[in-house]
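This report is intended to be read alongside the sequence and the coordinates. Please keep both in view while reading.

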Amino acid sequence: AGMAAVTDLNPLAEEHGFIAVYPDGIDLGWNYVRGVSIFEQTGIDDTLFLQALLDDLALDLNVDRARAYLTGFSNGGFMTQRAACEAPDAFAAYAVVGATAYFGMRTLCADAAPVPILFIHGTLDSVIPWDGRTQTVDGTTFYNTLPVSDTISYWAEHNGCPFDSVTQTDLPQGGASPETQVRLLTLSGCAG
């Protein structure tokens, strides 16, 4: 209910004829770190759950699988990246909001196919900072959430995007937050 209120997708879904679904993970979280040794393990496979949810919805609803998309905010954004690696063909594209790459993701995604992916992140995000967040375990300090620049670089490399293909566009200021600036970075020529 919270994501439905924040995103306000229901009126858009009604107007444009698409289905919006807002699943909850166990205890309102997603297990995107399954198999990453430094994190507490629950064994819950949320990628499998998201695929099963799409399969179940398709039994009763007219779901065009070529136009099914997965997005998530914060913890859901981390889960979206996990699903992009483990189930690259389950959704047409993936969108990550307010999340970056995380410790262990490079290993989890090593053999995954390229996927269309979008990142939306604010430079003043205090929960998932733009410049990443470090953690120290047994005297070793590492990024548990990578900086946004490293996240984009990782996905560009993963998707076979040449770094000289980046275009930058500053969108006009306006709307409900005229003091906010939006910069769009687009990578083209990527694999697949």
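The sections below cover confidence, one helix, the nonpolar core and several individual residues.

**Basis and confidence**

The model is predicted: local features are reported only at pLDDT of at least 70 and side-chain atom pairs only at pLDDT 80 or more, while totals for chains, interfaces and linings use all residues. Residues are numbered from 1 along each chain as its sequence is written, and side-chain values use heavy atoms, with hydrogens and water left out. The predictor's confidence in each residue, pLDDT, runs from 0 to 100. Its mean over the chain is 91, with 98% of the residues at 70 or more. Helices (H or I, at least four residues) and strands (E, at least two) are DSSP runs numbered from the N terminus. Confidence is highest in strand β2 (residues 93-97), at a mean of 98, and lowest in strand β5 (residues 140-145), at 87.

**Helix α3**

Helix α3 comprises 15 residues, 46-60. From first to last C-alpha it reaches 22 Å, close to the 21 Å expected at 1.5 Å a residue; the expected span is 1.5 Å times one less than the number of residues. Which residues of α3 are buried? They are Asp 46, Thr 47, Leu 50 and Leu 54. These residues lie on the same side of α3 because they cover an arc of only 120 degrees around the axis, the arc being that of the directions from the helix axis to the C-beta atoms. Here, buried means under 20% relative accessible area, exposed over 50%, and partly exposed in between (1.4 Å probe, protein chains only). The face turned away from the buried side carries the exposed residues Leu 48, Leu 59 and Asp 60. The buried residues are covered by elements including β1 (69-73) and α4 (75-86), where contact means heavy atoms within 4.5 Å. At the start of the helix, a side-chain oxygen of Asp 45 comes to within 3.2 Å of the backbone nitrogen of Thr 47.

**Nonpolar core**

A nonpolar core is a set of buried Ala, Val, Leu, Ile, Met, Phe, Trp, Tyr and Cys residues joined through side-chain atoms within 4.5 Å. The largest one has 28 residues, and Phe 91, Tyr 94, Met 105 and Trp 155 have the most contacts inside it. At least two residues of this core come from each of α3, α4, β2 and α6 (148-158). The greatest contribution is that of α4, with 5 residues. Beyond four places in sequence, Tyr 94 touches residues that include Leu 70, Ala 83, Pro 88, Val 115 and Ile 117.

**Polar contacts of buried side chains**

A polar contact is a pair of N or O atoms within 3.5 Å; within protein, one must be able to donate a hydrogen and the other to accept it, and residues adjacent in sequence count only if both atoms are side-chain atoms. Three buried residues with such contacts are tabulated here.

| Residue | Relative accessibility | Partner | Distance |
|---|---|---|---|
| Asn 31 | 9% | backbone oxygen of Ile 44 | 2.7 Å |
| Thr 100 | 0% | backbone oxygen of Leu 146 | 3.0 Å |
| Asn 144 | 17% | side chain of Gln 135 | 2.9 Å |

Asn 31 is placed in the loop between α2 and α3. Among the residues it touches more than four places away are Thr 42, Asp 46 and Met 79. Thr 100 lies in the loop between β2 and α5, and its contacts at that sequence separation include Phe 78, His 121 and Thr 151. Asn 144 belongs to strand β5. Thr 100 and Asn 144 are 44 residues apart in sequence, with their C-alpha atoms 9.5 Å apart.

**Cys 109 and two positive phi angles**

Cys 109 is located in the loop between α5 (105-108) and β3 (117-120). Its relative accessibility is 0%, so Cys 109 counts as buried. Not counting residues up to four places away in sequence, Cys 109 touches Cys 85, Tyr 154 and His 158. Glu 86, 23 residues away in sequence, is 7.3 Å from Cys 109, C-alpha to C-alpha.

Asp 27 has a positive phi near 55 degrees although it is not glycine. Asp 27 sits in the loop between α2 (9-16) and α3 and is exposed at 77% relative accessible area. Ser 74, also a residue other than glycine, has a positive phi near 60 degrees. The position of Ser 74 is in the loop between β1 and α4, and at 18% relative accessibility Ser 74 counts as buried.
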